[in-house]
Amino acid sequence: MVRFPISTLHRMVTHEFRTEGTYRAMNETTNSVFIHPARSKANTMKAVIQRSYGTAAVLRLADAAIPAVGDDEVLVRVRAAAVNHADWVYTSGRPLIARLAFGLRAPKQIVRGKDLAGEVHEVGKNVTQFRLGDEVYAEVEAGAFAEYAIVPAKLLALKPANLTFGQAATVPLSARTALQALRDGGNLRSGQTVLINGASGGVGTYAVQIAKALGAEVTGVASARNAELVRSLGADTVIDYSTEDFTTGGRRYDVILDLIGNHSLSKLRRTLTHNGTLVLSSGTGSAVFGPMGRIIRALALSPFVSQNLRIFAATLGTEVLDELRELIEAGRVTPAIDRSYSLRETPDAIRYFADEHAHGKIVIAVGEQSK
């Protein structure tokens, strides 16, 4: 069974995968890394590249040209990156339908990594909102597992001042997903009850805190070993999935955020209030189509029932990162970090993520240790 982030699927089927911010120094035709002829050997960087699909073993550290900056872009000196489920989808090429966007036989964008934090190293001629040395963070389509990364200015924001680079790198994709899934997809309001299935994962740990910040009563579903973590993040109740099936417990919730996809739609609906909302943000499915069947069934059923069955549209950019920075600097949201790896150890980090069910986020320290 394959889990696939539904926000990624939405962007794929609506053709929202963009090439801006990718590495222009990467030859997408041959999937090879080359040194731009106008640049000297001194203008190279280390990057984690991928020339084929497979296990974490397909990732390797290599030299690549430092990418050139476009007029509306920023070159960021990456200090830290973070591992996301999307990185595993890109690496494995599964579900196979994802390759329609990523590349059929090999990935088009060969430098992995979606979340980063670092310092502004160079700006394009049209960029006025960032200055050299600014400490920033961003979510990009690819390229974060490298010493330098190109980021469109509209996707970049100043990082929270109270976080290290390592902590800040864990925020963009996971916290953005949690905020948009709960607030925009679930329309979660103060006083409502919400259940988060997968509360100890990268998105789940942020979802628990954001739900509390929105004023909800939070129930988190996690393993016994992660129960204390979920409770420490603010969950009012923690359900150990190994001993209790929340869909048979009799309690009803205003909103369910399903980050796992291990229960049928009918069971999840029975766990909602009469007018409750189910937000699908990830899912289990086949090796070919992933959770598409489940998504289609949910969207087809929703108009005919009193409950709302939804996915949500991912919106990237400075505005949502600024919102998250305000929550973090106010002390309402704090990253939960499982462990950290060096850039060279990125294959080990991806392997750990895929095999060990990380609790919280995994950091990749790039260059100097994240300060």
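User: Which strand does valine 48 lie in?

Analyst: Valine 48 belongs to strand S4, which covers residues 44-50. Please keep in mind as we go that this is a predicted model.

User: Why is valine 48 called buried?

Analyst: Its relative accessible area is 1%, and the word buried applies to anything under 20%. Valine 48 therefore counts as buried. You can also look at its surroundings: leaving aside neighbours within four places in sequence, valine 48 is in contact with Leu59, Arg60, Leu61, Ile110, Val111, Arg112, Phe145, Leu343 and Thr346.

User: What makes those residues contacts of valine 48?

Analyst: A contact needs heavy atoms within 4.5 Å, and valine 48 has such contacts with Leu59 and Phe145, among others. A C-alpha separation is another kind of value: for valine 48 and aspartate 63, which are 15 residues apart along the chain, it is 8.8 Å.

User: How do you know that alanine 64 is buried?

Analyst: Alanine 64 sits in strand S5, residues 59-65. Its relative accessible area is 0%, and the limit for buried is under 20%, so alanine 64 is buried. From C-alpha to C-alpha, alanine 64 is 6.5 Å from alanine 47, although 17 residues separate the two in sequence.

User: What makes S7 and S8 a pair of strands?

Analyst: Pairing takes at least two bridges. Strand S7 (residues 115-123) and S8 share five, in the antiparallel sense, so they meet the definition. As an example, glutamate 119 stands opposite glutamate 135 in S8.

User: Which strand is joined to S8 by three bridges?

Analyst: That is strand S10, residues 156-158, and the two run antiparallel. Here valine 136 has leucine 158 in S10 as its bridge partner.

User: Why is S8 described as largely enclosed by the rest of the structure?

Analyst: Strand S8 spans residues 135-139, and four of its five residues are buried, so the description fits.

User: How do you know that S14 and S15 pair, and in which sense?

Analyst: Strand S14 (residues 253-258) and strand S15 (residues 272-280) have five bridges between them and pair in the parallel sense. At least two bridges are required, so S14 and S15 count as paired. One place to look is leucine 257, whose bridge partner in S15 is valine 279. Between these strands the chain passes through helix H8 (residues 265-270), making a right-handed β-α-β crossover.

User: What joins S15 to S17?

Analyst: Three bridges do, and S15 and strand S17 (residues 308-310) run parallel. Threonine 277 stands opposite asparagine 308 in S17.

User: Where is glutamine 307, and why is it called buried?

Analyst: Glutamine 307 lies in the loop between helix H9 (292-301) and S17. Its relative accessibility is 6%; buried means under 20%, so glutamine 307 qualifies. Not counting residues up to four places away in sequence, it touches Arg269, Leu272, Thr273, His274, Gly276 and Ser302.

User: What makes the approach of glutamine 307 to threonine 273 a polar contact?

Analyst: The side chain of glutamine 307 reaches the backbone oxygen of threonine 273 at 3.2 Å. The cut-off for such a pair of N or O atoms is within 3.5 Å, so the distance fits.

User: How do you know that the span of helix H6 agrees with what is expected?

Analyst: Helix H6 (residues 202-213) has twelve residues, which should span 16 Å at 1.5 Å a residue; its end C-alpha atoms are 17 Å apart, so the values agree. Just after H6, glycine 215 takes a positive phi of about 90°.

User: Why are H6 and H5 called mostly covered?

Analyst: In H6, eleven of the twelve residues are buried, including Tyr206 and Ile210. Helix H5 (residues 172-185) has twelve of 14 residues buried, among them Leu173 and Arg176. Just after H5, asparagine 187 has a positive phi of about 50°.

User: What is the overall picture of the protein?

Analyst: The protein has eleven helices and 19 strands. Of its 371 residues, 58% count as buried. Its accessible surface comes to about 14,900 Å², with 50% belonging to carbon and sulfur atoms. Among contacts between residues at least 6 apart in sequence, 70% join residues at least 24 apart.

Conventions:
Residues are numbered from 1 along each chain as its sequence is written. This is a predicted model: local features need pLDDT of at least 70, side-chain atom pairs count only at pLDDT 80 or more; totals for chains, interfaces and linings use all residues. Side-chain values use heavy atoms; hydrogens and water are left out. A crossover is right-handed if, with the strands pointing away from the viewer, the path from the first strand over the helix to the second runs clockwise. Buried means under 20% relative accessible area, exposed over 50%, partly exposed in between (1.4 Å probe, protein chains only). Accessible areas come from the Shrake-Rupley method with a 1.4 Å probe; for residues, only the protein chains shown count as cover. A polar contact is a pair of N or O atoms within 3.5 Å; within protein, one must be able to donate a hydrogen and the other to accept it, and residues adjacent in sequence count only if both atoms are side-chain atoms. The expected span of a helix is 1.5 Å times one less than its number of residues.
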